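Reader: Please take one part of this model and examine it closely, then relate it to the remainder of the chain. I would like the cut-offs stated, since I intend to check each statement against the coordinates.

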Amino acid sequence: MTPDHDLSPYDVAYLFAGPDRVAVVALVGLHTDGRVRITADRHRVYAESRDGDLHPVETAALALIPAVGRVLGLTRMLITFSPAVTEVGRRLYADGLLPGSRLSGLWRRDRIRRIRSLRRELAEAPEGLMRVAVRGVAGIADDELRTIFETHVYTPPKHSPLTNPKRDRPVDLLQPDTRLNDAVSGYYADGVDTGGMDAGGGSW
């Protein structure tokens, strides 16, 4: 099945489950291409190659992996809050696939119909990254890699810079005083699925 749309796996991942799913797709894609190595023994991500023509999300992901490597869960979280992933959400909002607020989403019947149609179209996702974008960790074809994602659970420090201590809302790492718009932080398709940092990486 070849989907009749021009959305990238990163667009589909954001649309179906939010920023965390985008991070999963990026890491799986980079691992498959040999640009990163994700180890099973320590659940750690290492950059193997930073060259080549990459998607902005992939470039951002590689930039967040130091020479000594980084724990998978933290790497995934940092990618989730990167400006490149935020831009994916903003673009989907501009294209009318995400609402400007939860309330406006309730009234955009045309948007809801469009997204439901897209969900049906992608229900039987093709192999590769698009399958991961739609199904999350469960869609990873590599058994060993899927097991790594399923068994690794990362708990952020209590006073993490990735959350606003006053309202426990995600913030832009580069602009810590600016809360992310609802359209790019908590509303996806016709339901709420934050694709959180659980072992399964969100549900389909």
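Author: **Helix 4 and its surroundings**

The buried residues of helix 4 are Leu 72, Gly 73, Thr 75, Arg 76, Met 77, Leu 78, Ile 79 and Thr 80. Buried here means a relative accessible area under 20%, exposed means over 50%, and partly exposed lies in between (1.4 Å probe, protein chains only). Helix 4 spans residues 72–80, and eight of its nine residues are buried, so the helix is largely enclosed by the rest of the structure. Helices (H or I, at least four residues) and strands (E, at least two) are DSSP runs, numbered from the N terminus.

The basis of these statements should be set out. This is a predicted model, in which local features require pLDDT of at least 70 and side-chain atom pairs count only at pLDDT 80 or more, whereas totals for chains, interfaces and linings use all residues. Residues are numbered from 1 along each chain as its sequence is written, and side-chain values use heavy atoms, with hydrogens and water left out.

Helix 4 also takes part in covering another element. In helix 3, the buried residues are Val 57, Glu 58, Ala 60, Ala 61 and Leu 62. Their cover includes helix 4, together with helix 1, helix 2, strand 1, strand 2 and helix 5.

Val 57 of helix 3 belongs to the largest nonpolar core, which has 44 residues; Val 12, Leu 15, Ile 38, Val 57, Leu 92 and Phe 149 touch the most other members. The greatest contribution to this core comes from helix 2 (residues 19–32), with eight residues. A nonpolar core is a set of buried Ala, Val, Leu, Ile, Met, Phe, Trp, Tyr and Cys residues joined through side-chain atoms within 4.5 Å. In soluble globular proteins, nonpolar side chains tend to be buried together.

A sheet comes next. Three strands form an open sheet in the order 1-2-3, with antiparallel pairing. Strand 1 (36–38) and strand 3 (70–71) are at its edges with a single partner strand each, so one side of each has no neighbour in the sheet. Strand 1 pairs with strand 2 (residues 44–47) in the antiparallel sense over three bridges, and two strands count as paired if DSSP finds at least two bridges between them. Tyr 46 in strand 2 is the bridge partner of Arg 37.

Arg 37 also has a side-chain partner: with Glu 48 it makes a salt bridge (3.3 Å, N to O). Arg 37 lies in strand 1 and Glu 48 in the loop between strand 2 and helix 3 (56–63), so this pair ties together parts that are 11 residues apart in sequence. Both are partly exposed, Arg 37 with a relative accessible area of 38% and Glu 48 with one of 46%. A salt bridge is a side-chain nitrogen of Lys or Arg within 4 Å of a carboxyl oxygen of Asp or Glu, and six are found in the whole structure.

Another salt bridge joins the side chains of Asp 11 and Arg 91 (2.8 Å, N to O). Asp 11 is in helix 1 and Arg 91 in helix 5 (residues 83–94), so the pair ties together parts that are 80 residues apart in sequence. Asp 11 is buried, with a relative accessible area of 5%, whereas Arg 91 is partly exposed at 31%.

Gly 18 sits in the loop between helix 1 (9–17) and helix 2, and it is buried, with a relative accessible area of 0%. Its C-alpha atom is separated by 9.9 Å from that of Thr 86, which is 68 residues away along the chain.

For the chain overall, there are nine helices and five strands, and 49% of the 204 residues count as buried. Contact means heavy atoms within 4.5 Å; among contacts between residues at least 6 apart in sequence, 64% join residues at least 24 apart.

Finally, confidence must be considered. pLDDT, the predictor's confidence in each residue, runs from 0 to 100; its mean over the chain is 76, and 68% of the residues reach 70 or more. Over residues 165–204 pLDDT stays under 50, and the model has 110 contacts beyond four places in sequence for them. Where pLDDT is low, the predicted coordinates should not be read in detail.
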